[in-house]
Amino acid sequence: MISRPSRHCTVELQALPSRIGQVRRIVSAQLRYWHLDPLIDPAALAVTELLTNVHRHAEPDKQCTVEIVLMLDRLTVSVRDHDPRLPCVPECDPMATRGRGLALVASVSQSWGMHARDDGSGKVVWFTLAVPQPAAPAKPPFAAHGAGRTAPPDRTDLSRPAPPAGVVRERAPAARSAVSH
């Protein structure tokens, strides 16, 4: 397993419609920087929903903090605001145009949750996404053949060009000595 150090990004903002789009672009750019392109769409959608909830429901103000934390195999995105009231998850009417934000967060994330802050100064709503593991490097096609050889033979004939890297040339069989009986 590849070990990744913890990475962290924090953005403080007023959850206003114009700022929500900016934060969506910031989250996308940060994930691109961390080479997590497959997570951009679900993270951007979920953070947009959480910030929209702050805009629509948070009191006494719309000030909030978005925090992105990357640890090994998990990306966690949280939104902290000053309203201690936890959101309720209503039963969704399939025809409703509102009230489905947390259901969307749940559908695109690995896990999600919320908690009131210990000091009573607000709440945190968060979601996690599984970090895709990098593909294992492919083995060279002839890895089993010549596995004991550690370096190519010395080139003494410089009049012929060297083969391109990775090209294996067969050696001509050694000349047989003619022995007459």
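Q: Before the details of this predicted model, what does contact mean here?
A: Contact means that heavy atoms lie within 4.5 Å. In this predicted model, Val79 serves as an example: not counting residues up to four places away in sequence, Val79 touches Val47, Leu50, Leu51, Val54, Cys64, Thr65, Val66, Lys123, Val124 and Val125.

Q: Which elements does the protein have, and in what order do they run from the N terminus?
A: There are 3 helices and 5 strands. Read from the N terminus, the elements follow the pattern β-α-α-β-β-α-β-β.

Q: How should the sheet be read, and in what order do its strands stand?
A: Strands of a sheet pair through backbone hydrogen bonds, in either a parallel or an antiparallel manner. In this structure the 5 strands form an open sheet with antiparallel pairing, in the order E1-E2-E3-E5-E4. Strand E1 (7–14) and strand E4 (111–116) each have a single partner strand, so one side of each is left without a neighbour in the sheet. From one strand to the next, the twist averages 15 degrees.

Q: How many bridges join E4 to strand E5?
A: The antiparallel strands E4 and E5 (residues 123–130) are joined by 6 bridges. One bridge pairs Met114 with Val125 of E5.

Q: Which strands do helices H1 and H2 touch?
A: Helix H1 (residues 17–33) packs on the sheet and touches E1, strand E2 (63–71) and strand E3 (74–81). The direction of H1 makes about 170 degrees with that of E1. Helix H2 (residues 40–57) also packs on the sheet, where H2 touches E2, E3 and E5; the direction of H2 makes about 170 degrees with that of E5.

Q: Which residues of the largest nonpolar core touch the most other members?
A: A nonpolar core is a set of buried residues joined through side-chain atoms within 4.5 Å. The largest one here has 32 residues, of which Leu31, Trp34, Leu51, Val66, Leu75 and Val79 touch the most other members. At least two residues of this core come from each of E1, H1, H2, E2, E3, helix H3 (101–108) and E5. H2 gives the most, with 7 residues. Across the protein, buried residues make up 29% of the 181 residues.

Q: Where does pLDDT stay under 50?
A: pLDDT is the predictor's confidence in each residue. The mean for the protein is 79, and 66% of its residues reach 70 or more. Over residues 1–5, pLDDT stays under 50, and the model has 8 contacts beyond four places in sequence for them. Over residues 166–177, pLDDT likewise stays under 50, with 5 such contacts.

Conventions: Residues numbered from 1 in each chain as written. Predicted model: local features only at pLDDT ≥ 70, side-chain atom pairs only at ≥ 80, totals over all residues. Heavy atoms only, no water. Pairing = 2+ DSSP bridges. Helix = DSSP H or I, 4+ residues; strand = E, 2+ residues; numbered from the N terminus. Axes fitted to C-alpha atoms, helices over the stretch in contact; angles between N-to-C directions. Buried < 20%, exposed > 50% of the residue type's maximum accessible area, 1.4 Å probe, protein only. pLDDT = per-residue confidence, 0-100.
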